[in-house]
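Trainee: Please take me through the salt bridges of this model in close detail. I should then like the account to be connected to the parts that surround them.

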Amino acid sequence: MVPEEFREIISNNKPDVDDVRWVKPGKYHITFEYFAELPIELRQEVYRKVRALSEYFPLQCEAKCYSGFPSYRKARVIIVRLELANFEVASVCDDKRFNPHVTVGYARNRAVFVPQKPLDHTFSFSRPALFRSEKGVYTEITRF
C-alpha cells in the first residue's frame, strides 16, 4: 500500500539511531488506526470505519518527519508521521491520540531518541484495507 517511490525515500533517509530493528521496505504500510485486539462485538464498527474511509480515496498524504511512539524522545516504535490532505478523514478515525503513520523500525532493547528528520514528500494511494498483524506477518482481511 506504500508507493514504491515513497518506500525508497523512507529506506534511503532513515535517521541515525542505534539499536533499532528496521522494517523491510516491502512490509511498509500506512496505519490510520490501530486496534490491539478486535473483539467480535467491535468488528462491525471497524468495517464501517474502513468503508467510510474508502469514500475519500484516492487519498493524498504528506510525509512530514520521522518520529516515534510513545514519543520521539523515548520511542519504542520508529515511524514516519503522515498528514492527510483531506481533513474530513480525521473525523472517521476518531481516536485523537492516534496519528496516521508508517512504521519503519522498533527499538531493540530500550527506548531511543528519534531525531525528527523532515521528509516533506507528498504521495497518494488508492484504497484502504483492513489487515491483521501477527508476529510480523500481515494478512489482508478486507479490501475496499
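**The salt bridges and their surroundings**

Mentor: Arginine 7 and glutamate 4 are separated by about one helical turn, because they are three residues apart in helix 1. Here helices (H or I, at least four residues) and strands (E, at least two) are DSSP runs, numbered from the N terminus. The model is a predicted one, in which local features need pLDDT of at least 70 and side-chain atom pairs count only at pLDDT 80 or more, whereas totals for chains, interfaces and linings use all residues. Residues are numbered from 1 along each chain as its sequence is written, and side-chain values use heavy atoms, with hydrogens and water left out.

Arginine 7 and glutamate 4 form a salt bridge whose closest N and O atoms are 2.2 Å apart. A salt bridge is a side-chain nitrogen of Lys or Arg within 4 Å of a carboxyl oxygen of Asp or Glu, and the structure holds three of them. Glutamate 4 has a relative accessible area of 44%, so it is partly exposed; buried means under 20%, exposed over 50%, and partly exposed in between (1.4 Å probe, protein chains only).

Another salt bridge lies in helix 2, residues 40–54, where arginine 48 and glutamate 45 are three residues apart and therefore separated by about one helical turn. The closest N and O atoms of arginine 48 and glutamate 45 are 2.6 Å apart. Arginine 48 is partly exposed at 41%, and glutamate 45 is partly exposed at 36%.

The remaining bridge to describe joins lysine 64 and glutamate 62, with 3.4 Å between the closest N and O atoms. Lysine 64 is partly exposed, with a relative accessible area of 23%, and glutamate 62 is partly exposed at 23% as well.

Glutamate 62 leads from the salt bridges to the strands, for threonine 122 in strand 6 stands opposite it. Strand 3 and strand 6 run antiparallel and are joined by six bridges; two strands pair if DSSP finds at least two bridges between them. Strand 3 also pairs with strand 4 in the antiparallel sense, over eight bridges. Phenylalanine 69 has valine 77 in strand 4 as its bridge partner. A cis peptide bond, with omega about 0°, joins phenylalanine 69 to proline 70, and proline 70 lies in the loop between strand 3 and strand 4.

Helix 1 and strand 6 also meet through aromatic rings. Rings of Phe, Tyr and Trp (its six-membered ring) pair if their centres lie within 6.5 Å; planes under 30 degrees apart count as stacked, over 60 as edge-to-face and the rest as tilted. By this rule there are two aromatic pairs. Phenylalanine 6 and phenylalanine 123 are stacked, with 4.3 Å from centre to centre and 20° between the planes. This pair links distant parts of the chain, since phenylalanine 6 is in helix 1 (residues 4–12) and phenylalanine 123 is in strand 6 (residues 118–125), 117 residues apart. Phenylalanine 6 and phenylalanine 123 are both buried. Tyrosine 72 and phenylalanine 113 form an edge-to-face pair, because their ring centres are 5.8 Å apart and their planes stand at 65°. This pair too links distant parts of the chain, 41 residues apart: tyrosine 72 is in the loop between strand 3 (59–69) and strand 4 (77–84), and phenylalanine 113 is in the loop between strand 5 (101–107) and strand 6. Tyrosine 72 is partly exposed at 22% relative accessibility, and phenylalanine 113 is partly exposed at 48%.

Histidine 101 lies in strand 5 and is buried, at 4% relative accessibility. Leaving aside neighbours within four places in sequence, histidine 101 has contacts that include Phe69, Ile79 and Leu82, contact meaning heavy atoms within 4.5 Å.

One backbone detail also belongs to strand 6, where aspartate 120 lies. Aspartate 120 has a positive phi of about 45° although it is not a glycine, and it is exposed at 54%.

As to confidence, the protein averages a pLDDT of 83, and 90% of the residues score at least 70; pLDDT is the predictor's confidence in each residue, from 0 to 100. Confidence is lowest in helix 3 (residues 88–92), at a mean of 64, and highest in strand 1 (residues 20–22), at 95. Where pLDDT is low, the predicted coordinates should not be read in detail.
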